Amino acid sequence: LSLIPTGATVMEASLELFAWYRNTADLGSALITAYQVKRPWTEIGATWNKATTTTAWGLAGCNDPVLDYSPTTAVTTSLRWVNGTYSWDITHMVQQWVANPLTNEGVVLLGTGQPVQYQFRTSEASGPTQRPLLRVTFTTDVITPTPSLTPLESPTPTSTSTPTRTATPIYSPTITRTPTETLTPTVTPSR
């Protein structure tokens, strides 16, 4: 997100995670909600009970809706299968982070309903298409006026073009499989 200008307007943002494991054979769906984390935490220090090596979560597992996460910035996705990618539309959260980068403490996923455990691939996954992805489309508020050679006052009205905002996609590499050469036998007539 640091490459997006602070004044940019986020048109769309989605968090995409690849589910590779589910601890139950029950085929019912699980509702998983993404909430904006409020409490600072560290990757090395975070555990079920602690946000950092010295600071505990308000409730274990980042479960305190007052101290740990914002219950008002939430989006829910229904999970049912494994070996597939699930997406959460977090446009509103990302817009807040772009406007005020210091508020970006990430996202926590909390489930409701029947107890079920899903596991998602991490950024260390060997397959690039299974790694977490934050896909953001944004536009900047900078509009460059086009110089005009037309005099400012004119006896006849003339149409003037108006600059418009254009969405600027963020580069996101896509893995493309390259076909390999295969040998095709051919029949050669004998003499």
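**Exercise 1. Name the residues that lie nearest the centre of the largest pocket, and trace which elements line it.**

Solution. The largest pocket is lined by 37 residues, and those nearest its centre are Leu17, Trp41, Val107, Val108 and Leu109. The next step is to assign the lining to elements: strand 1 (9–22), strand 2 (30–37), strand 5 (107–112), strand 6 (118–120) and strand 7 (133–139) each give two or more residues to it. Strand 5 supplies the largest share of this lining, namely five residues. Sorted by class, the lining holds 22 nonpolar, 11 polar and four charged residues, and the space in the largest pocket is about 1,500 Å³. The model to which these values belong is a predicted one.

**Exercise 2. Describe the order of the elements along the chain, and say how the contacts are distributed over sequence separation.**

Solution. The protein has one helix and eight strands, and from the N terminus on they follow the order β-β-β-β-α-β-β-β-β. Turning to contacts with a separation of 6 or more, 76% of them are accounted for by residues 24 or more positions apart.

**Exercise 3. Identify the residues that touch the most other members of the largest nonpolar core, and find which element gives the most to this core.**

Solution. The largest nonpolar core has 22 residues, of which Leu79, Trp88, Ile90, Val94, Phe120 and Val136 touch the most other members. At least two residues of this core come from each of strand 1, strand 2, strand 4 (84–89), helix 1 (91–99), strand 6 and strand 7, while strand 1 gives the most, with five residues. For Leu79, once neighbours within four places in sequence are left aside, the contacts are Arg22, Gly28, Ser29, Ala30, Ile32, Tyr86, Trp88, Tyr118 and Phe120. A second, separate core comprises eight residues, among them Val37, Ala51, Trp57 and Tyr69.

**Exercise 4. Decide whether Met93 is buried or exposed, and list what Met93 touches beyond its sequence neighbours.**

Solution. Met93 lies in helix 1. A residue counts as buried under 20% relative accessible area, and Met93 is therefore buried, because its relative accessible area is 3%. Not counting residues up to four places away in sequence, Met93 touches Ala34, Tyr35, Gln36, Thr73, Ala74 and Val107. For the pair formed with Val107, the separation is 14 residues in sequence and 8.9 Å in space, taken C-alpha to C-alpha. Across the protein as a whole, buried residues make up 26% of the 191 residues.

Methods:
Residues numbered from 1 in each chain as written. Predicted model: local features only at pLDDT ≥ 70, side-chain atom pairs only at ≥ 80, totals over all residues. Heavy atoms only, no water. Helix = DSSP H or I, 4+ residues; strand = E, 2+ residues; numbered from the N terminus. Buried < 20%, exposed > 50% of the residue type's maximum accessible area, 1.4 Å probe, protein only. Contact = heavy atoms within 4.5 Å. 1 Å grid on protein atoms, 1.4 Å probe; cavity = no way out; pocket = protein on both sides within 12 Å on 5 of 7 lines; lining within 4 Å. Points joined across faces, edges and corners; volume = space filled by probe spheres on them. Nonpolar A, V, L, I, M, F, W, Y, C, P; charged D, E, K, R; others polar. Core = buried A, V, L, I, M, F, W, Y, C linked by side-chain atoms within 4.5 Å.
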